[in-house]
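Biologist: Hi, I'm new to this one. Can you walk me through it?

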Amino acid sequence: MNYQEINSAILEGRDVDLNLVEKNDQFYKYLFNNKVAYYYASELSEQKTEHEKWIVKRGNELNAQYLKTLEYTKNLCDKNDIDFILFKTHKVVPEVVDGDIDLIVHKKDFQKFLDVFAVEGFDSIED
């Protein structure tokens, strides 16, 4: 596996040689482990393999689910007069949302926030 070629392609925003991709599970494991599989499959791959089509489809589904959850959170907080800030790290390479949602809530509203979401059946983790 030519990791240097893969890294160069990702950083330069170009596709890798198809010989590195075809029938090579290590290639996709490397992309997933470095959180660039969605970016590669959706933005860089010129001749999408079936695996890359699946990566893009699944990534889009997860991103849509994340957006739906954020909209639900906003509506629930608006309804209960709770202000929050979504905390997300800016990334140069687009990726699939990793599943957690980081919010900042005023200290005065924190218990109310937990209670409102508990009634809705959610588990909230204070960190």
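Biologist: Where is Ile-104 found?

Modeller: Ile-104 sits in strand 2, residues 103-105 (strands are DSSP runs of E, at least two residues, and helices are runs of H or I, at least four, numbered from the N terminus). This is a predicted model, where local features need pLDDT of at least 70 and side-chain atom pairs count only at pLDDT 80 or more, while totals for chains, interfaces and linings use all residues. Residues are numbered from 1 along each chain as its sequence is written, and side-chain values use heavy atoms, with hydrogens and water left out.

Biologist: Is Ile-104 buried or exposed?

Modeller: Ile-104 is partly exposed, at a relative accessible area of 46% (buried is under 20%, exposed over 50%, partly exposed in between, with a 1.4 Å probe and protein chains only).

Biologist: Switching topic, how many aromatic pairs are there?

Modeller: The structure holds 6 (rings of Phe, Tyr and Trp, using its six-membered ring, with centres within 6.5 Å; planes under 30 degrees apart are stacked, over 60 edge-to-face, the rest tilted). One of them is Tyr-3 with Tyr-30: the centres are 4.5 Å apart and the planes at 45 degrees, so this pair is tilted.

Biologist: Where do those two lie?

Modeller: Tyr-3 is in helix 1 and Tyr-30 in helix 3, so the pair ties together parts 27 residues apart in sequence. Tyr-3 is partly exposed at 34%, whereas Tyr-30 is buried at 19%.

Biologist: And what about Phe-27 and Tyr-40?

Modeller: Their ring centres are 5.4 Å apart with planes at 80 degrees, so that pair is edge-to-face. Phe-27 belongs to helix 3 and Tyr-40 to helix 4, 13 residues apart. Phe-27 is buried at 0%, and Tyr-40 is buried at 2%.
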